[in-house]
Structure formats: structure tokens, C-alpha cells
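This report examines selected local features of one protein model. The reader is invited to follow each feature in the structure shown below.

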Amino acid sequence: MPQSSALISGVQSLVVYETRARYFIVGSNQAQTKHRVLKIDRTEPKDLVIIDDKHVYSQQEVRELLGRLDLGNRTKIGQKGSSGLSRAVSAYGIVGFVRFLEGYYIVLITKRRKMADIGGHSIYKVEDTSMIYIPNDSVRVTHPDEARYVRIFQNVDLSSNFYFSYSYDLSHSLQYNLTMLLRPWELSSTVEPSVDEEHPSQSRQDSFDIFEDEGLPMQVVNGLKNEPYLKYVWNGKLLERVKDIVHHDWLMYIIHGFCGQSKLVIYGRPVHVTLIARRSSRFAGTRFLKRGANCEGDVANEVETEQIIHDASVMSFTAGSYSSYVQVRGSVPLYWSQDISTMMPKPPIRLDQADPYAYVAALHFDQMLQRFGSPIIILNLVKKREKRKHEKILSEELYPAVINLNQFLPPEHCIDYIAWDMARYTKSKLCNVLDRLSMIAENVVKRTGFYINRSDFYCHTLRPDERWGDVGGHITSTGRLQTGVLRTNCVDCLDRTNTAQFMVGKCALAYQLYALGMIDKPKLQFDTDCVRLFEELYEDHGDTLSLQYGGSQLVHRVKTYRKIAPWTQHSKDIMQTLSRYYSNAFSDADRQDAINLFLQVYQPSEQRPHLWELPTDFYLHHKSSMVLAQERRSYTYWWSEGVLAFLPVAYDEVACKDNMRKVKVKRVNRYDEAIDIYTEFFKPYELTSFDDTFCIAMTNSAREFMPKTVGVDPSPFTVRKPEETGKSVLGNKSSKEEAVVQRKTAASAPPPPSEEAISSTSEDDSEDEREDDGSVSQRSTPIKLLTESGDSTRTHEECQQQLPVRAPYGINLDELPADEDLLIYQRFAHLGKSQHKVERNEAVHLADFICLDPVSLFQVDSVYATAPPKVDPDSREVFEGHVMTGQGQVRSLCREDVLMYREYIKNRYM
């Protein structure tokens with residue numbers, strides 16, 4: 001079976017050239033070896049005319065083409081003063097094409113920044129964009145409201161948390177992307193012709209193969225191009241006009257949400273922790289303007305969060321170790337809203353429509369069963385007890401809806417419902433919120449399991465743990481699949497939800513690291529470098545999602561629920577609450593209009609009212625309110641056809657005909673640039689610096705969180721004191737100084753303490769135990785500073801004038817070494833000096849000192865003799881081949897050498 005690999009986009013950099021009649025967009029791959037050309041007509045005032053040149057150009061052919069275009073578009077033949085072809089802008093991708101009331105605009109990404117790396121596949125953040133009007137000024141038909149629509153469209157800040165990748169499908173999970181590579185694609189009916197088959201008119205020189213008579217088979221790889229999951233794609237409507245016209249390399253889909261990556265260093269072993277959040281583009285909007293669900297089952301503020309753990313020592317998807325865990329947040333799937341006409345911090349909740357058969361909830365959970373499988377676990381964090389009924393209204397409607405849907409499902413695939421009043425537990429002094437969340441998280445992770453792509457890990461056999469046997473999921477020959485998902489919600493799905501998701505993610509992280517062989521037990525404790533790094537990622541993740549939906553950062557963080565937040569945090573919480581209230585009252589309406597226009601929920605037209613004239617956007621998001629549905633779904637068989645047959649595995653991840661049709665397969669050579677992720681990542685044709693690489697700049701647990709004092713356990717799983725973080729100790733030092741201190745710390749650190757010495761929680765430690773008692777470590781070596789004259793006697797007052805010993809060494813010396821110990825040390829030092837004073841006046845022959853011949857029949861090393869190393873036959877053959885080549889006797893090449901030389905000749909001269 002041929003190997004499969006994801007296709008890398010052949011258009012990664014763009015140059016837009018302009019003439020009076022056309023725009024020419026020249027797109028090239030990263031190595032600048034293959035180019036494509038797109039022609040856009042500028043003479044049409046309101047229509048978009050695009051011609052995709054199917055030919056793949058070389059660099060020399062593109063230069064000749066641009067030269068001919070330049071010469072042909074000059075006003076006078078032979079004129080050199082004014083060029084007929086001018087360079088307009090350089091870009092990294094096309095976001096899409098949009099039209100308001102005049103002609104079309106093209107939106108380009110002009111600046112990008114690398115945010116993460118998953119198996120050599122780079123993920124970029126959009127930093128800046130450019131919006132170019134396509135029609136020429138001579139044919140432009142102006143409209144007075146065009147400028148206002150442009151301003152509303154540009155209110156969606158594309159430089160704020162929009163992400164894309166040229167080779168990795170961000171709209172799907174890692175589990176989907178890796179399981180797709182294992183399907184039997186040689187039987188697929190969606191195989192595309194190769195590049196040579198697309199252009200049979202190429203010259204004989206382009207298709208010439210000097211090895212065609214050797215009889216060597218070409219190594220074929222299936223290059224896969226998958227259709228994105230449009231629910232999480234934000235420019236799908238902007239590319240809909242051209243996706244059937246242009247080559248798929250021109251189509252670049254972006255997601256909105258969050259992406260962050262940090263490096264967890266475990267005794268020098270790098271482990272990348274990546275957090276990706278995908279915000280749904282359906283029923284998207286701001287806090288009070290988008291609540292509940294629409295008629296199609298899409299809920300407000302729906303975000304899919306995925307944490308990916310992989311051993312960065314091996315980059316490949318096939319040979320590397322990867323694990324992921326997915327959870328979801330989203331508004332309560334009911335018809336409900338809040339009236340914002342009155343200036344109130346908490347407008348009353350109202351149910352807009354009666355739904356006795358849970359029709360909209362059925363649509364929503366049907367989507368989840370298709371994408372995630374079973375079980376679907378609902379963690380409802382809204383309040384249960386209130387003086388005036390507010391949040392409780394949602395629980396009273398959601399629970400009967402779940403009961404109604406479960407009566408038609410098989411018992412083993414029923415939806416689990418967990419209701420827990422998190423706000424009430426937070427106010428209680430007797431209850432620990434995070435302990436209760438830890439229990440819930442443990443049960444959830446054991447039920448859903450997690451994804452891992454390797455089945456040959458035996459850490460649970462070498463270091464058995466009773467909790468490992470209860471872990472769920474679907475076990476396959478290639479690893480383990482996550483089946484089902486946790487769906488967390490409160491009212492806003494911001495503060496409480498983020499803390500609950502962090503606790504579930506922390507529990508899943510422990511199981512992932514245990515499965516990868518990084519820790520000996522699937523449990524992580526607070527105040528360790530690992531959890532601090534993970535908590536910082538989740539706080540950035542929560543702040544970003546809260547700004548997008550609520551207009552401010554998180555008000556209540558993990559430290560708030562741990563009750564260790566500093567007193568200054570209360571004033572910050574007040575400011576965030578005021579910022580959220582101001583945003584909801586004054587700016588959310590404009591942001592909602594911009595989102596509706598960007599997602600093409602509203603498309604301007606001369607025959608319909610303007611966007612700012614609409615009293616509400618309810619009819620834009622609820623299509624059934626304008627058009628009567630032709631077919632109504634069953635209230636009892638509320639799931640889609642075929643979903644139950646494959647549960648608990650998700651229907652979208654099954655290798656059925658419907659899913660196989662969504663993937664385009666292209667047979668390519670093993671060394672083709674379209675699948676060569678090694679060249680794509682390392683760029684051997686460019687001069688790069690280690691200091692400029694992304695892996696050096698990313699957050700590092702050893703540099704950012706580990707204490708910078710000698711004598712500290714370098715393990716990221718050791719509980720630290722709150723003040724013992726790298727940021728507090730070296731907050732004002734440069735990164736180079738931090739790196740030096742880090743190397744010194746790792747070199748001189750003692751072995752890790754026993755597990756019994758580590759407390760189970762950091763919250764119960766008393767303040768007396770947190771203070772340093774200043775006692776001498778039993779493992780520390782006594783140190784004595786000698787003067788230049790060799791005098792070893794020094795008074796206690798003279799030592800106090802020096803710098804404190806704790807600063808450079810990390811220990812406290814209460815008293816000087818004894819005189820007897822100093823005398824022994826002086827004799828040892830003198831003996832070492834005299835022993836190394838050897839005059840070497842004659843040549844030294846190593847054979848006189850080192851004898852590699854064994855003195856006995858026993859082939860083992862000892863203090864008297866050393867056994868010569870054994871050389872395997874392969875290494876001996878390689879060495880003999882080098883010797884023979886040096887003597888002019890060339891051996892015949894093996895099959896692998898011929899294939900390698902063949903590819904070199906093709907890439908270099910053809």
C-alpha cells in the first residue's frame with residue numbers, strides 16, 4: 001500500500017502586477033521553483049472575470065512572460081520611460097473576493113507571523129491585509145453608500161486572531177487529519193491525474209528519464225487534499241465565487257479563534273504543547289446579540305478547543321509521537337435571548353419560542369454525534385439557586401430536552417448531563433471548586449479517552465497505574481481514538497467555562513504525558529512548571545475568546561477560583577467588568593454588523609434595505625422564518641442517517657463512500673515538492689539563523705518557569721514555591737543571560753526528590769513552610785575560598801564582606817569548613833599539581849600507553865584490559881567501500897543510491 005501525505009499548497013507567495021485592463025497575480029511555492037498565473041479582468045464594472053492559467057511555469061518562463069506583458073502594454077512601441085506592467089503589491093495568500101454595491105474587491109494577506117509548528121506543518125497568524133478594488137477607474141460606477149460598506153467590512157480586524165496553514169487543515173482535528181492518512185486510498189475513485197498527465201503537451205526534454213531502461217519502479221505516494229469543515233472556516237463565502245474556477249492551490253481557508261504553542265522541556269527532551277481554538281462561523285456574533293441557537297442547530301459562541309502534545313524530537317507524522325484531546329464550549333442550545341434595550345448589566349433571560357420536542361437541540365447534538373461520536377457529555381455550570389429566577393430558566397429547559405432525546409437513543413450512546421452550580425461552590429468557604437472539577441474531569445477523560453497515534457508504548461506496563469485500565473476511547477491497531485466529547489457551558493461561556501475546560505485539559509494532559517512515557521503516573525499537581533505553562537496557555541486562550549465574544553478579557557481566572565489571586569486582581573476584575581459592560585452597550589451592534597457582512601450573512605443589494613436600516617438580524621440567521629421547510633425531520637429518529645451504525649466512532653472519521661469523496665487524491669513521486677515536508681520546514685536553500693527560528697523564540701518551560709538557582713530539581717513536574725519561578729527571578733534579564741543561567745542550573749542540579757516529599761496540593765501549605773529555613777543541604781559540598789598567598793585561614797567577618805553565597809551557588813554556608821578538612825583539601829590540590837607537571841620532550845605514541853589486545857580469553861572490559869569494539873558487517877562494508885573508492889576501485893551502486901541520484905538529476909537539470 002503506498003504511503004499517504006498531505007499536499008502542500010503550491011501558492012505561498014503572491015505578486016500582483018497591474019495593467020490598465022488586467023491584474024496578473026503570480027503565485028509561487030516556497031522554493032520559487034513552480035509558478036502559477038491568475039488573470040483578473042478590470043474592464044467589467046460589476047462582474048468578476050477570472051482566468052486561471054493551468055500551466056505550471058518555471059522561474060525563467062515567468063520572467064519571460066512578464067517581460068512580454070510589459071512590452072505589450074506600453075503606450076508606444078519601444079518606449080522605456082513608463083512601464084506597461086507595474087508591480088502593485090506582494091502577499092502571502094488570498095482571503096477572498098467581496099462585492100457590495102459597486103465592483104469586486106480582492107482581499108490579500110500582506111503580513112504573517114508563525115505561531116505554531118505541528119509535525120513540520122507551520123501555522124501562521126494574519127498580521128496585516130490589503131483590500132484592492134478590481135475594476136478600472138474608467139469603468140467604475142460609483143455609489144454613495146459604497147464607502148460605508150467598506151468601513152463596516154473593515155471593522156472585522158483580520159490582523160486579530162485569524163490563522164491559516166499551507167499544508168495542515170486547521171478546520172479539522174489532529175485525530176481526523178492523521179486517521180485520514182491511514183485510509184486505503186489506492187481504491188479511491190477521486191484520484192486526480194499527476195502534473196505530467198495534466199499537461200501532455202510538455203516537451204520531450206521535460207519528460208525525459210535517463211533511468212527509464214533500468215527497470216526501477218517509481219515510488220508513488222498518495223497526496224491528499226481534504227475539503228475543510230466549513231463550520232469553522234471564516235472566508236468560505238468569500239471564496240465561494242471562485243472555488244470552482246481556479247486551482248485548489250489558490251484557495252486558502254482561514255480560521256478564527258486562538259493558537260498558541262509552548263515548549264515543555266523534560267530533562268532536555270522537548271515536548272510541544274499546542275492549543276488551537278476554532279470559533280464557529282455560523283450564528284457568530286457578540287455577547288448579548290447572539291444567544292442560544294438558530295433554527296439549524298448552530299449555537300452562539302461555539303468554540304472547539306484542541307490540545308496537542310507531541311515529542312518534538314521527531315518531526316514526522318508517521319514516525320513521531322502525537323496525542324490530542326478535544327472539548328467544546330457553546331451557548332445553551334435553546335431558543336433564548338436577552339433584552340438589551342434597557343441599560344442593565346444583566347438583562348433578563350427570555351425564551352423566544354416553545355420547543356416541546358427539543359427540535360433545535362436535536363439538530364445541535366446530531367452535528368456533535370457526526371463530528372465527535374459518543375458519548376456526548378454536557379457540563380452545565382449555570383446557577384441553580386437564585387433569589388430571582390434568571391439562569392435557572394435555562395437549566396429547567398435544557399434538562400427535559402436531553403431526557404426527551406435520550407429516550408430514542410440506544411442506552412450505551414445516551415447523552416450524559418452533569419449540572420453543577422459552580423458559582424455557589426465558589427462562594428462557600430468549605431468547598432474547594434477545583435477539587436470538585438478535578439473529579440468531574442477524571443470521569444470525563446476516562447469516558448471519552450484521548451487520541452494517540454502510537455500503539456507501541458508500554459509505559460502502562462512498565463509503570464502500571466490503576467487509573468489507566470478505566471480509560472475509554474476506541475483502541476485500534478495504530479493507537480487510540482477519542483470517542484465523544486465534553487460540551488461545557490454557563491450563560492456566557494467565558495469565565496466559568498474556561499476554568500472548567502482548563503481543569504479537564506489538565507487532567508487530559510496528565511494522561512497524554514503518561515501515555516507518551518513522560519511521567520510515571522497520570523496525575524499533575526499545581527505549582528509545577530508544566531501546569532504553570534499550561535495555565536498560561538489557557539489564560540491567553542480564555543482572554544482571546546472573551547475579547548472576541550464579550551468585549552473584555554476574563555474577569556475570573558484560575559487563580560481566582562484557587563483563591564490565591566493577589567489583592568490587586570480585584571481592581572483589575574472591576575475594570576474588566578466595566579470594559580465588558582461598555583463594549584456590550586455601545587460597540588457590539590457595530591461589531592455584529594461587521595461580522596454579518598464579512599461572513600456574507602447579509603449581502604448588499606439595490607433591491608433590499610441597507611444593513612444599518614435593519615431593526616434586527618434575526619431573519620438573517622433564522623432562514624426557516626422566511627422560507628417554509630419542505631421536509632421536517634423526525635422527532636424520534638432525530639439523528640442523521642448512518643450515524644448510529646458507527647458509534648462510538650464519529651461518522652466523519654469513518655472510511656465510507658461519503659467521506660472518501662470529500663478528499664482529492666493525487667499520485668505523486670516520493671520526492672515531489674508537493675509532499676516534501678522536510679524541505680518545506682527546514683528550507684535548505686535559504687541561509688537561516690538559529691536565533692531567528694520559531695522553536696527558539698517560543699515559550700520555554702526551562703527558561704520561563706524553572707527557578708534559576710542551583711540545587712533545584714530541573715524536572716517540570718516538581719512542585720515549586722509561588723516565588724520560585726523563572727519570571728520572578730530573571731524578569732529583567734535578557735534571553736541570552738537566561739540561557740546561560742539555564743545551562744548552569746541544569747548542569748549542577750541534584751537528583752529529584754522522592755514523591756513522598758511532594759505535597760499533594762499547594763493550597764494547603766502554610767506560610768511557615770513556604771519560607772526558607774536557611775539550613776545547609778546535606779548533599780552540598782563545603783566550599784572554601786583561598787587567597788593568592790595560599791593562606792587558608794579567614795575570619796567569619798571577612799567572609800561576610802563578600803557577596804552572599806546563596807546568590808551564585810544557591811546554598812547557605814552557616815560555618816567555615818574545619819581545619820582538618822582544609823588540610824586534606826590542600827594536600828589533594830598539591831598532589832594534583834605535581835602530578836600534572838610532565839615534561840614532554842619526545843614524541844608520544846598512544847600505542848605505548850593504550851593496549852587494546854585482550855590479556856585473557858574473556859572478551860569483557862576490566863581495569864586491566866579493554867576489549868576491542870565489535871564492528872557490524874554493514875559498517876565494515878561501508879568503510880571498505882570508502883577505501884576502495886580512494887584507491888580508484890568504484891563499486892556498483894545499490895538500488896537506493898540509484899534512486900537518490902535519479903532524483904538529484906531530475907531536480908537539478910530537468
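The side chain of S321 makes a polar contact with the side chain of R454, at a distance of 3.3 Å. As with every feature in this report, this contact belongs to a predicted model. S321 is located in the loop between β15 (303–311) and β16 (322–329). Is S321 buried or exposed? Its relative accessible area is 11%; because buried means under 20%, S321 counts as buried.

The surroundings of S321 can also be listed. Leaving aside residues up to four places away in sequence, S321 touches I309, H310 and D311, together with N453, R454, F457 and L516. R454 is thus one of the residues that S321 touches, and the side chains of S321 and R454 are also the pair joined by the polar contact.

Two residues deserve attention for their backbone angles. Which sign does phi have in A358, a residue other than glycine? The value is positive, near 55°. Q600, which is not a glycine either, has a positive phi of about 60°. The table sets out both residues.

| Residue | Phi | Location | Relative accessible area |
|---|---|---|---|
| A358 | near 55° | loop between β18 (349–351) and α7 | 3% |
| Q600 | about 60° | loop between α15 (568–598) and α16 (618–621) | 13% |

A358 is buried at 3% relative accessibility, and Q600 is likewise buried at 13%. Both assignments follow because a residue counts as buried under 20% relative accessible area.

The backbone also contains cis peptide bonds. One of them joins S374 and P375, with omega about 10°. P375 lies in the loop between α7 (359–372) and β19 (376–380). Where is P648 placed? P648 is found in the loop between α17 (643–646) and α18 (657–660), and the peptide bond leading from L647 to P648 is cis, with omega near 10°.

Finally, the surface may be considered. Y901, Y904 and Y909 form a nonpolar patch there, and together these residues have about 370 Å² of accessible area. Y909 belongs to helix α30, which spans residues 895–909. The relative accessible area of Y909 is 54%; since exposed means over 50%, Y909 is therefore classed as exposed. In contrast, S321 is buried, at 11%.

Conventions: Residues numbered from 1 in each chain as written. Predicted model: local features only at pLDDT ≥ 70, side-chain atom pairs only at ≥ 80, totals over all residues. Heavy atoms only, no water. Helix = DSSP H or I, 4+ residues; strand = E, 2+ residues; numbered from the N terminus. Buried < 20%, exposed > 50% of the residue type's maximum accessible area, 1.4 Å probe, protein only. Polar contact = N/O pair within 3.5 Å; in protein donor to acceptor, adjacent residues only side chain to side chain. Contact = heavy atoms within 4.5 Å. Patch = residues over 30% accessible without salt bridge, like charges linked within 9 Å, V, L, I, M, F, W, Y side chains within 5 Å. Areas by Shrake-Rupley, 256 points an atom, 1.4 Å probe, with all protein chains shown as cover. Salt bridge = Lys/Arg side-chain N within 4 Å of Asp/Glu carboxyl O.
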